[in-house]
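Hello,

Here is the structure you asked about, followed by notes on what was found in it. Please read the notes with the structure open.

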Amino acid sequence: MLASWRMLREERDLRLLLTAGFVSGLGDWFHTVAVLALIFMLTGSGLVVGLTLALKVIPRIALSGLAGAVADRFSRLRIVAACDLLRIPLALSLLLATSPDRVWLIYVATTLLVVCDTFENPARQAAVPSLVREEHLTAANGLSQALAGIVMIAGSALGGLVVAAFGPGVAFAVDAASFLASGLLILAMRTQVKGAVRATAPLGELLAAVRGSRMLQALLALVTLWPLGGGAVNVLLSVYAVRVFHAGSQGIGILYMAIGVGLVVGGSLAGPLARRLGRGAVLGYLTEGVCHMLVSQAPTLPAAALLLTCATFGAGVGNACVSTLLMRSVERAVLGRLFAAISALSSTVMALSMLGAGFAVEVWSARLLGLVAGALVAGAGLIGAGCLRWATRGAVAGETLAAA
């Protein structure tokens, strides 16, 4: 585990990129907690909360294609920095939402913040292979997963404390400051990563890359199938805490903390563990699915938290392996469009899964639905194993070695 973190000493620009992501990620959690608190303060409406959360999905689906093309045409790091700086006034605009007749400001700001995020994410992901040595790529992707876990643990806890002690306004100010710090860190990087997309055929190049790579087709199948169960799991976390274990908001916090711990450990160990990336991806998702099935049958909240940690450990390893394989399966010039397309596909499937789970949980027991959701995640791993085996039969030597 320590070896992966020590690697950061050798990779200055990756260190800055991950630090920037950590800082802005903390700000995102402050924003999330503060927005939900503010909505309830102003309206007391669960419907408004649902609408606000829905607004986070729509831009990702609608604008991912454009975001990917932009990431492959212009300097990827400057896109990240620009998105950070644009989000400063958007975060501060929420300070003006002080009465029920100004709730519309929350809708507008939330939508525009997600638009910025939609453009930033593919640019950030596509920049990673150009910032590190090849032998450090899996460890770099694993550390990204680990930092996401740390941000989840620290951001949700600190955000809740700040909002409770000082109100949503201070949290929005902290969010804005985090974007400023993140943008300055990105601008301090030495490397500039620019794509080379042809303006006349941005989608055509990506489709040609997909058609020409069995490995890429197999990976796309895997990342599209996983959200079928993953979306339902997201819905069930709160249901487990409240309905199954009768632990209320404290139980929700414990389960989310377990997720964060699993991501930290799994992401930190992805580099040393995943010598064979294809096998690491499959075993990671199988572990996640089986553990989610066990979570659904856990007798106590602590047992569920421990199993949830094991599940997200598998997810951390699997996600790092898949990200590395994706980065190695196509030319760097189309990575932005690839990650944007994956974001659109997975967001769509995730949204449908969450919607279906929301209806199903009113008919089925949470334990039964959780068992099905875990089986779907494990099934994605099994299908992924078959797809990767098919891919390696017809892949070029480089792809075969990467996935073996």
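**Salt bridges and a nonpolar patch**

Arg133 has a relative accessible area of 37%, so this residue counts as partly exposed. Please keep in mind that the model is predicted.

Arg133 has a charged partner. Glu10 forms a salt bridge with Arg133, and their closest N and O atoms are 2.7 Å apart. This pair links distant parts of the chain, 123 residues apart: Glu10 sits in the loop between helix H1 (2-6) and helix H2 (12-42), while Arg133 sits in the loop between helix H6 (103-127) and helix H7 (137-166). Glu10 is partly exposed as well, because its relative accessible area is 48% and the partly exposed class runs between 20% and 50%.

As general background, side chains of opposite charge can pair when their charged atoms come close. How many salt bridges does the count come to? The count is 13.

A second pair is formed by Arg337 and Asp72, with 2.6 Å between the closest N and O atoms of this salt bridge. Arg337 belongs to helix H14 (residues 335-360) and Asp72 to helix H4 (residues 58-73), so the salt bridge ties together parts that are 265 residues apart in sequence. Are these two residues buried or exposed? Arg337 is buried, and Asp72 is buried too.

A third salt bridge joins Asp117 and Arg87, where the closest N and O atoms are 3.7 Å apart. Here the linked parts of the chain are helix H6, which holds Asp117, and helix H5 (residues 76-93), which holds Arg87; the two residues are 30 residues apart. Asp117 and Arg87 are both buried. They also belong to a network of salt bridges, in which Arg60, Asp84, Arg87, Asp117, Glu120 and Arg124 are linked.

The other finding concerns the surface. Leu228, Val363, Trp364, Leu368, Leu371, Val372 and Leu376 form a nonpolar patch there, and together they have about 590 Å² of accessible area. Which helix gives the most to this nonpolar patch? Helix H15 (residues 366-394) does, with four residues.

Leu368 is one of the patch residues, and it lies in helix H15. Why does Leu368 count as partly exposed? The reason is its relative accessibility of 40%, because buried means under 20% and exposed means over 50%.

To find these places in the model, you could begin with Glu10 and Arg133, go on to Arg337 and Asp72, and finish at the nonpolar patch on the surface.

Regards

Methods: Residues are numbered from 1 along each chain as its sequence is written. This is a predicted model: local features need pLDDT of at least 70, side-chain atom pairs count only at pLDDT 80 or more; totals for chains, interfaces and linings use all residues. Side-chain values use heavy atoms; hydrogens and water are left out. Patches are made of residues with over 30% relative accessible area and no salt bridge: like charges are joined within 9 Å, nonpolar side chains (Val, Leu, Ile, Met, Phe, Trp, Tyr) within 5 Å. Accessible areas come from the Shrake-Rupley method with a 1.4 Å probe; for residues, only the protein chains shown count as cover. A salt bridge is a side-chain nitrogen of Lys or Arg within 4 Å of a carboxyl oxygen of Asp or Glu. Buried means under 20% relative accessible area, exposed over 50%, partly exposed in between (1.4 Å probe, protein chains only).
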